[in-house]
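Q: Please take a close look at one part of this model and work outwards from there. I would like to know how that part is placed and what surrounds it.

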Amino acid sequence: MNTYLRLPDLLLAITLLLGISAIVIPVARRLGIGPELGLLLSGVILGSSHFLAPAQVDRLRELSELGVVFFLFMIGLELDLGQAWLLRRYALVLGSVQVLATGLVLMFYWHFFTSSWSLSLLIGLVLANSSTALVFQLLERKQELNEEHGRAAFAVLLFQDLTVVPIMALVPVFAGIGSADYSWWNILPAVSAMAVLFIVGRYMCPWLFHLATVKRMPETFTAVLFVAILGSAWSASHVGLSMALGAFIMGVALSGTDYRHRLREEVLPFKNFLLGMFFVSVGLTVDISVLSDHTGKILMHVLVILAVKTAVLYVAATPIRMDHGPAARLSFLLAQAGEFAFVILGTLLAAGVVTHTQFANGIMVVALTTIMTSWLDALGVAFSRLSGPAMSNPKISTS
């Protein structure tokens, strides 16, 4: 089969995705597991039919990553910069402790399966990252972004996105396949790019929006908006940052403009469609045959990852004096592995560091943890109530 998706095949794949989703999502809502899990299960159903080859699944997932880009733009668009500044202790303290502690603990665990300490550390740091798209979508749907566990999750996820830059740059060293194509001076282009994106979004884009509005050119308005989103995503990717982070910065820059509500209305349909495709594409990566051949090992890896991340997050919340309720919700909410793991696994496979079987097992482990996000959140809610109800809309201390 051709490894590339021709347009007719792409249309058929999207039609199947939407058709299966239309059936599965209502069932998922009935079962109380949320539409995100319904979309993931839709991908599992389509993937088990083997309609698409593995290479085609990868390309469909790459296309669907635009959903995460548009979603992070929307999150940035609705962010208040003053509130964001209050989250710095969550990002710097909780985020750094979570990433480093989780990475080290999982390094020792993974060393049982590989003789390389550096490769074990790489895997541990990668698995320390959580799923930005799934967690944000869940919090938005449940209207919990303004609760303490929602704000803390937001800050930790942004910190994790920033760790992508050094981890990606040091992959050759960690994996033992070469020297780092990275010097600390290379961080300057990334910082400069973020600053330029913010300035362009804050000052140039509003002027262009105003000009298009005055001249009554709605097509130009929409074109400027999409150039801003996609251009910021490309620029961030070009300097080693994630595309979603670039779109988020552009959204934050535009959050203070008079066109904020119109921008949201323009982007919302695209965000919903593409983000739905993203969740389905993650489900497509689940290979049932791999699960049946290595069930015990895969389930053990999944349980260890979830247990370690939950425990580390709960303990890490102690230094910043989070109460039991928000800490419990946060620890279960961020227990899954993130999309970043798919990228690193693909890099290691291309470099010959892992075998095809190890790659397939790794993809299955990551995908299973993401599929369990809604259930993990439900466990977090139950655990948070053991010693009292979860807090809602608490005042965030900056001390």
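The part I have in mind is helix 5 (residues 88-110), and the answer below starts there.

A: The model is predicted, and confidence comes up again at the end. For orientation, the secondary structure of the protein consists of 19 helices and zero strands. Of its 399 residues, 52% count as buried.

Two residues of helix 5 serve as reference points: Leu92 and Thr102. Their surroundings are opposite in kind. Leu92 counts as exposed because its relative accessibility is 56%, above the 50% cut-off for that class. Thr102 counts as buried because its relative accessibility is 0%, where buried means under 20%.

Take the exposed side of the matter first. Leu92 belongs to a nonpolar surface patch that also includes Val93 and Val97. Together the three residues have about 230 Å² of accessible area. As a general tendency, nonpolar side chains of soluble globular proteins are buried together. For the protein as a whole, the accessible surface comes to about 18,100 Å², with carbon and sulfur atoms contributing 67% of that area.

Val97 also appears in the surroundings of Thr102. Setting aside neighbours within four places in sequence, the contacts of Thr102 are Val97, Gly124, Ala128, Val308, Lys309 and Val312. One of these pairs is far apart along the chain: Thr102 and Val308 are separated by 206 residues, yet their C-alpha atoms are 6.8 Å apart. Long-range pairs are common in this protein: among contacts with a separation of 6 or more, 81% involve residues 24 or more positions apart.

Leu94 leads into the interior. The largest nonpolar core has 122 residues, and Leu94 is among the six that touch the most other members, the others being Phe73, Leu122, Phe209, Phe248 and Met322. Helix 3 (residues 54-77) supplies the largest share of this core, eleven residues. Leaving out neighbours within four places in sequence, Leu94 touches Arg89, Ala152, Val156, Leu313, Ala316, Ala317, Ile320, Met322 and Leu330. Met322 thus appears both as a contact of Leu94 and as another of the residues that touch the most members of the core.

Another contact, Leu330, is one of the buried residues of helix 16. Helix 16 (residues 324-333) is largely enclosed by the rest of the structure because nine of its ten residues are buried. The buried set is Gly325, Pro326, Ala327, Ala328, Arg329, Leu330, Ser331, Phe332 and Leu333.

Arg329 takes the account from nonpolar packing to charged pairs. The structure holds six salt bridges. Arg262 and Glu266 form one of them, with their closest N and O atoms 3.9 Å apart. Both residues are in helix 13, at a spacing of four residues, about one turn of the helix. An α-helix has 3.6 residues a turn, so residues three or four places apart point the same way. Arg262 counts as partly exposed because its relative accessibility is 30%, and Glu266 is partly exposed at 21%. Elsewhere, Lys142, Glu144, Arg329 and Asp377 are joined into one network by salt bridges that share partners.

Within that group, Lys142 is bridged to Asp377, the closest N and O atoms lying 2.5 Å apart. This pair connects distant parts of the chain, with Lys142 in the loop between helix 7 and helix 8 (148-169) and Asp377 in helix 19 (residues 373-384), 235 residues apart. Lys142 is partly exposed at 31% relative accessibility, whereas Asp377 is buried at 3%.

Glu140 makes a salt bridge with Lys271, the distance between the closest N and O atoms being 3.5 Å. Here too the partners come from distant parts of the chain: Glu140 is in helix 7 (residues 132-141) and Lys271 in helix 13 (residues 260-284), 131 residues apart. Lys271 counts as buried because its relative accessibility is 3%.

Last, confidence. The protein has an average pLDDT of 80, and 86% of the residues score at least 70. By element, the lowest mean pLDDT is that of helix 4 (residues 81-86), at 65, and the highest is that of helix 15 (residues 295-316), at 92. Residues 388-399 have pLDDT below 50, and this stretch makes 21 contacts in the model beyond near neighbours in sequence.

Note on methods. Residues numbered from 1 in each chain as written. Heavy atoms only, no water. Patch = residues over 30% accessible without salt bridge, like charges linked within 9 Å, V, L, I, M, F, W, Y side chains within 5 Å. Areas by Shrake-Rupley, 256 points an atom, 1.4 Å probe, with all protein chains shown as cover. Salt bridge = Lys/Arg side-chain N within 4 Å of Asp/Glu carboxyl O. Buried < 20%, exposed > 50% of the residue type's maximum accessible area, 1.4 Å probe, protein only. Core = buried A, V, L, I, M, F, W, Y, C linked by side-chain atoms within 4.5 Å. Contact = heavy atoms within 4.5 Å. pLDDT = per-residue confidence, 0-100.
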